[in-house]
Amino acid sequence: MKVFALWLLLLLLLLVQDVNSEDSCTSNLNLKNKPLFDISSFHCVSVWDEQGYILRYLQTDRKVWSFVISAPNSNSFIGMGFSKDGKMVGSSAIVGWVSNDGSSTMKRYFLGGESSAEVVPDQGNLQLVNMTSSIIAQNSTIYMAFQLNTQVTPTNRLIYSLGPMGRLPSPVNYQLSQHRAHISTFFDYNSGESKSKSPYGNLRRSHGVLNMLSWGILIPIGVMVARYFRQYDPIWFYSHTTIQSLAFLLGFVGIVCGFVLEDRLSSHVDKHKALGIFILVLACLQVIAFLVRPGKESKVRKYWNWYHYTLGRVLIILAAANIFYGIHLGGAGTAWNVGFAVTLVAFFSISIVLEIRLWMTK
């Protein structure tokens, strides 16, 4: 019971989020500090649901297109890029951020390559209308407003990026750190339809689903079988070992997918990676413990049981935390958080019922 109580407490802490001030196209945009151009008649569309990006836009003059991109202010830079082919390299972007002291910055960048050194400030083919750009931070949301001078409709290939938390560009050289998430879209300016394709989407889903299914669902089920169904001997034992073995195999494949994904995206997810490796090590220790377990009559069997139980419970708690952390890093959105949270709550509720039943039969 203690492990599931700790599990629920962890769940509640991870799900606490401030959602009262989210921007949306259905809410009235009432900014205290107005942009330097009228946005009252702008079209509005959600362009990146996972990260809460909202785009307001309009052709405000024959050669002028105006944009306001908004996103949750997470002490990170936000970027909007214009690309010929949907790729970051070779595109030009507008990037903005608000520092902890309240100062705001917006700059043009040319993305000449994949490294930070090749992302050059004050370069690119975007021509901003003078004295109309601004950054506004209000109610935990950042608004980046700018106007482009262009002879034709801007490119339909739009890219959005989100920088790492707490690592804003230095005012010395304005070099950008590696973004923690980005998305490439095809945007129809007439209909406002935005179609997106996340890089390596299938590999991302495989990594997330396999690890959630193995470490977050099957492992707890296997523990519950061993805890509450020992009266069905030896069925409980074979069920327990089969479920945990399947979970280990699926989890191993899921972690391998994570290594491949990290390499292809050149992402920096050190904490998530370290936790994943530690969880895999714990699982390997459990497999070794199973293979060398002493007999039931052995004097050391009770110490082996303590070791086996404790290691398993630590694994479950860390796995649940890392799954939520992975959902956050991947920008998978609220649906994944809610789905996994509901699963954990269901496990906790079932465990309470079975625990009461177990104590009543003793």
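E262 is buried, at a relative accessible area of 18%; buried stands for under 20% relative accessible area, exposed for over 50%, and partly exposed for values in between (1.4 Å probe, protein chains only). The side chain of E262 meets that of K273 in a salt bridge, with 3.3 Å from N to O. A salt bridge here is a side-chain nitrogen of Lys or Arg within 4 Å of a carboxyl oxygen of Asp or Glu. E262 belongs to helix α3 (residues 235-265) and K273 to helix α4 (residues 270-291), so the pair ties together parts that are 11 residues apart in sequence. Helices (H or I, at least four residues) and strands (E, at least two) are DSSP runs, numbered from the N terminus. K273 counts as partly exposed because its relative accessibility is 32%.

This is a predicted model, in which local features need pLDDT of at least 70 and side-chain atom pairs count only at pLDDT 80 or more, while totals for chains, interfaces and linings use all residues. Residues are numbered from 1 along each chain as its sequence is written, and side-chain values use heavy atoms, with hydrogens and water left out.

**Salt bridges**

By the rule above, the count comes to three salt bridges.

| Pair | Closest N and O distance |
|---|---|
| K107 and D122 | 3.1 Å |
| R227 and E355 | 2.6 Å |

The pair of K107 and D122 links distant parts of the chain, 15 residues apart: K107 is in strand β6 (residues 104-111), and D122 is in the loop between β7 (119-121) and β8 (134-138). K107 is buried, at 13% relative accessibility, whereas D122 is partly exposed, at 40%. R227 and E355 also link distant parts of the chain, 128 residues apart, with R227 in helix α2 (residues 201-228) and E355 in helix α6 (residues 334-360). R227 is partly exposed at 32% relative accessibility, and E355 is buried at 5%.

**Charges over rings**

K107 has a further partner: its charged end sits over the ring of Y174, 4.4 Å from the ring centre. The criterion is NZ of Lys or CZ of Arg within 6 Å of the ring centre and within 35 degrees of the ring normal. R293 lies over the face of F290, at 4.6 Å from the ring centre.

**Aromatic pairs**

The structure holds 16 aromatic pairs. Rings of Phe, Tyr and Trp (its six-membered ring) pair if their centres lie within 6.5 Å; planes under 30 degrees apart count as stacked, over 60 as edge-to-face and the rest as tilted. F237 and Y238 form an edge-to-face pair, because their ring centres are 5.6 Å apart and their planes lie at 70°. F237 is partly exposed at 22% relative accessibility, and Y238 is exposed at 52%. Y57, W65, F187 and Y189 are linked by ring pairs into a cluster.

**Nonpolar cores and domains**

A nonpolar core is a set of buried Ala, Val, Leu, Ile, Met, Phe, Trp, Tyr and Cys residues joined through side-chain atoms within 4.5 Å. The largest such core has 28 residues, of which Y53, L55, F67, I69, M80, F82 and Y160 touch the most other members. Among the elements that give two or more residues to this core are β2 (53-61), β3 (64-72), β4 (78-83) and β10 (157-162). Y160 has contacts (heavy atoms within 4.5 Å) with residues including V47, W48, Y53, L55, I69 and M80, not counting residues up to four places away in sequence. Another core, of 18 residues, lies apart from the largest one, and A226, I255, A283 and L315 are among its members.

The domain assignment, automatic or from a database, gives domain 1 (22-197) and domain 2 (201-361). The centres of domain 1 and domain 2, taken over C-alpha atoms, are 40 Å apart.
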